[in-house]
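This report describes a single protein chain in terms of its folds, sheets and enclosed spaces. The sequence and the model are shown first, and the description follows.

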Amino acid sequence: MYSTKSNFSGPLLSDKKFFSELIDLNLKGLEEIPGLLDKDDYKACRKVFAAFFRDFLEPDKYFKSSAGNLEGNSMDENGSYRLPTNDEIINEAEKACRHYMVSCGTPSDFGENKVDWYSNPTHNGYKEWPWQLSRHAEFSTLASAYNMTKNEKYAFACAELFDSWVKQAEAPDLNTGHGGTLSWRTIECGIRQGGCWPYVIHTFYKTEAFNEDIITDWCKSVYEHGERLFNVHGGNNWLLMEMNGLAHIGVIYGFFKESKVWLKFACDTMSRELIRQVYPDGFQYELTTDYQHVAITTYGALLTLLTNYNIEPDKNFASYVEKMVETYVHLAQPDLIVPDINDGMKYNAKGVVAEYVHLFPENQLFKWILSDKKEGTAPECNHIFENAGLAVLRTGHSENDTWVFFDGGEFGAGHQHEDKLNLLMYADGKLILTEAGKYAYDASRESKYTLSTRAHNTVRVDGLGQFRRKNYKWKGEINKKSDLSYKAGENIDVLKAIYNEGYGNNRAETEAIHERSVLFIKKEKNLKPFLISIDRLYGVNEGDIHTYGVLWHLDSENLSVNNLNIKADSLNVFVPENEFGLREISLNLCRGQFFPEVQGLYMRSHNQFDYRPIYCAEYKLTCEKARLVTVFYPDGNEACPIEKIEASKNIQDTIITICLTNGEKLIIDENSL
């Protein structure tokens with residue numbers, strides 16, 4: 001049950017308790033407060049405390065260097081995050097002054113009324129809206145606008161918004177769980193205190209708008225945040241954000257008697273979680289490119305904070321953060337965008353590196369990406385994340401190169417998609433073999449779709465998807481290597497993995513096996529680089545017959561079909577037609593479909609209704625066992641040199657024949673690779 005009280009009038013802490021019990025009155029500048037407390041002169045106490053606070057803060061240390069936080073940043077037309085321009089910041093700050101608030105991509109215009117922090121304008125009561133509204137992105141925007149213009153109206157607007165929030169948002173009882181309130185969910189507490197609030201207070205603390213009443217209520221609320229974060233925790237990436245927020249309180253608000261205890265607890269927890277949550281290959285164990293960024297942001301911000309304030313950090317923080325940031329360099333497509341793996345986001349790898357390069361100025365990979373590939377050291381073309389089981393293959397690092405991503409790894413510890421053996425391909429300047437992306441965390445059909453097998457380039461069996469989630473439990477095997485196999489060759493690279501964990505809500509409902517081999521053909525017979533997927537499909541029991549749906553998502557404006565072969569913009573898709581009878585294989589195409597099931601959509605973000613149509617091709621085979629070979633040839637908008645392919649459906653066969661239009665044949669034997 002969520003607390004929805006909205007007629008509160010300020011922090012729960014009384015002035016008497018705050019000034020007499022919770023702050024260290026032995027600090028210089030607070031000497032008058034004991035005498036004022038004897039007189040019950042709390043107004044004077046607030047005045048003395050505010051003067052002390054303005055002198056206590058150390059903005060030179062705080063602003064010395066900082067790790068970025070993408071809360072409130074913009075998203076471009078491709079769905080990738082970017083830093084907003086100065087004009088955009090000013091425009092958004094003006095909206096905030098007018099009480100025009102945005103959460104989860106949905107706006108609410110409160111106009112002349114005070115902001116109702118418990119309201120929800122979404123069509124389906126999407127709970128993330130009020131939760132994320134209390135991340136206070138508008139506070140940061142107003143502070144940024146003030147830092148650019150020194151216009152006091154932004155300070156007054158921020159003070160007014162804070163005052164309206166703190167008088168509505170009652171800190172819950174410490175027995176209230178981490179998600180049991182609309183304004184004090186612990187993830188928001190951590191985000192506020194680890195990013196937005198420190199930036200805001202160091203910006204506005206000397207302005208007229210942030211008077212003794214605002215400053216005192218601010219610090220009271222910060223103390224209430226500290227108590228909650230110390231006593232109530234989530235897990236996974238939530239815990240990292242919570243502890244980063246608690247550490248910021250411990251360092252910045254050192255006049256609290258509990259500050260040192262909170263800081264030690266936060267740092268100890270972060271040290272423990274670092275080696276528990278991050279694989280040796282650099283991936284945070286939820287295996288998403290969004291929550292990977294959360295891990296980087298929290299540890300990067302904590303490392304920056306401790307370094308700026310001359311506090312010795314855990315010796316592991318720097319090496320782990322550096323390796324986590326490097327994952328984005330290795331993952332990046334030729335356009336430097338990383339794929340939105342699981343509940344991921346299409347971050348620009350250069351932008352992520354730029355946030356943290358101050359911590360690692362000598363890193364040659366970072367120099368390379370920040371110099372537009374002119375200095376430093378380029379990453380190797382192929383990179384295998386041995387623990388995560390993810391692979392990136394590429395022909396090079398120019399925008400004209402071909403890039404391949406394969407997921408042959410473990411089920412992540414959170415925010416997972418049912419998509420093992422998913423395959424992506426970037427060629428001819430775009431991601432031409434794509435997937436559905438990530439949607440809002442609501443209960444909609446669209447949200448369930450993005451989590452499902454049918455939203456990815458893998459296989460359904462009898463219309464059922466993978467369902468590892470039902471019986472999944474993290475086993476703590478952070479050093480274990482995945483079962484992904486990889487072999488590099490001069491002309492052909494090979495990846496292999498298997499899915500054998502059942503399909504449907506009950507594993508016994510459909511037990512079938514999907515083995516996928518991926519051949520990346522880099523140099524053969526003057527052909528452009530291309531991709532071969534070899535899917536071996538069979539039941540667990542001899543004689544079992546299933547219908548296998550092999551799915552491919554094609555980001556194309558123009559698509560045509562010739563029998564079972566597809567032409568999607570510059571991408572040519574071939575299957576060996578003559579090996580299968582009409583009853584054994586069929587091709588179904590859809591685009592932007594909502595009924596009878598959602599299919600053929602690309603979701604750009606976690607915002608509602610933020611999607612566009614893409615094509616989904618599903619090859620359906622009804623058989624006991626089969627080998628299906630699919631060739632993906634990007635032709636660069638030139639004539640395709642492939643006429644057809646020949647490959648036996650016999651699951652034991654290993655020969656693939658590529659028949660070219662000039663009469664030549666390229667014969668590939670899997671056993672020889």
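How many bridges join strand 24 to strand 25? There are 4 of them, and the two strands run antiparallel. The model discussed here is a predicted one.

## Overall architecture

The secondary structure of the chain comprises 17 helices and 26 strands. Its radius of gyration is 28 Å, close to the 26 Å that the globule rule gives for 673 residues, so the chain is as compact as a globular protein of that length. Taken along the principal axes, the C-alpha atoms fill a box of roughly 100 × 50 × 45 Å. Of the 673 residues, 59% count as buried.

## The three-stranded sheet

Strands 24, 25 and 26 form an open sheet in the order 24-25-26, with antiparallel pairing. Its edge strands are strand 24 (642-646) and strand 26 (665-669), each of which pairs on one side only. On average, and with direction ignored, neighbouring strands of this sheet are turned by 15° against each other.

Strand 25 is mostly covered, as 5 of its 6 residues are buried. Towards strand 24, the pairing places isoleucine 642 opposite leucine 660 of strand 25. Strand 25 (residues 655-660) is joined to strand 26 by 5 bridges, and these two strands also run antiparallel. Isoleucine 658 has leucine 666 of strand 26 as its bridge partner, and isoleucine 656 is partnered by isoleucine 668 in strand 26. Strands 25 and 26 form a hairpin with 4 residues between the strands, in which glycine 663 takes a positive phi near 95°.

## The eight-stranded sheet

An open sheet of 8 strands has the order 11-12-13-14-23-18-17-16, and its pairing is antiparallel. Strand 11 (485-487) and strand 16 (559-562) are the edge strands, each pairing on one side only. Neighbouring strands of this sheet are turned by 15° against each other on average, direction ignored. Within the sheet, strand 12 (residues 492-499) and strand 13 (residues 512-521) pair in the antiparallel sense over 8 bridges. Leucine 495 stands opposite valine 518 in strand 13.

Strand 18 (residues 571-574) is covered on both faces: Leu571 and Val573 on one side, and Asn572 and Phe574 on the other, are all buried. Strand 17 (residues 565-568) is joined to strand 18 by 3 bridges in an antiparallel arrangement, and lysine 567 has asparagine 572 of strand 18 as its bridge partner. These two strands form a hairpin with 2 residues between them, and aspartate 569 in the turn has a positive phi of about 50°. Strand 18 also pairs with strand 23 (residues 625-634) in the antiparallel sense, over 4 bridges. There, leucine 571 is partnered by proline 634 of strand 23.

## Pocket and cavities

The second largest pocket has a volume of about 600 Å³. Its lining consists of 26 residues, of which Glu410, Phe411, Tyr472, Lys475 and Glu501 lie nearest the centre of the pocket. By class, the lining residues divide into 6 nonpolar, 9 polar and 11 charged.

The chain also contains 3 cavities of 30 Å³ or more. The largest cavity holds about 70 Å³ of space. Residues lining the largest cavity include Val329, Leu336, Trp368, Ile369, Arg394 and His397. The full lining of this cavity has 7 nonpolar, 2 polar and 2 charged residues.

## A buried glutamate

Which helix contains glutamate 242? Glutamate 242 lies in helix 11 (residues 236-252). Is this residue buried or exposed? Because its relative accessibility is 0%, glutamate 242 counts as buried. Glutamate 242 and phenylalanine 56 are 186 residues apart in sequence, and their C-alpha atoms are 24 Å apart in space.

Technical notes:
Residues are numbered from 1 along each chain as its sequence is written. This is a predicted model: local features need pLDDT of at least 70, side-chain atom pairs count only at pLDDT 80 or more; totals for chains, interfaces and linings use all residues. Side-chain values use heavy atoms; hydrogens and water are left out. On a 1 Å grid over the protein atoms alone, a cavity is a set of points where a 1.4 Å probe fits but cannot get out, and a pocket is an open set with protein on both sides within 12 Å along at least five of seven lines; lining residues have an atom within 4 Å of a point. Grid points are joined across faces, edges and corners, and a volume is the space filled by probe spheres set on the points. Ala, Val, Leu, Ile, Met, Phe, Trp, Tyr, Cys and Pro count as nonpolar, Asp, Glu, Lys and Arg as charged, and the others, Gly among them, as polar. Two strands pair if DSSP finds at least two bridges between them. Axes are lines fitted to C-alpha atoms, for helices over the stretch in contact, and angles run from 0 to 180 degrees between N-to-C directions. The radius of gyration is taken over C-alpha atoms; the globule rule is 2.2 Å times the number of residues to the power 0.38. Buried means under 20% relative accessible area, exposed over 50%, partly exposed in between (1.4 Å probe, protein chains only).
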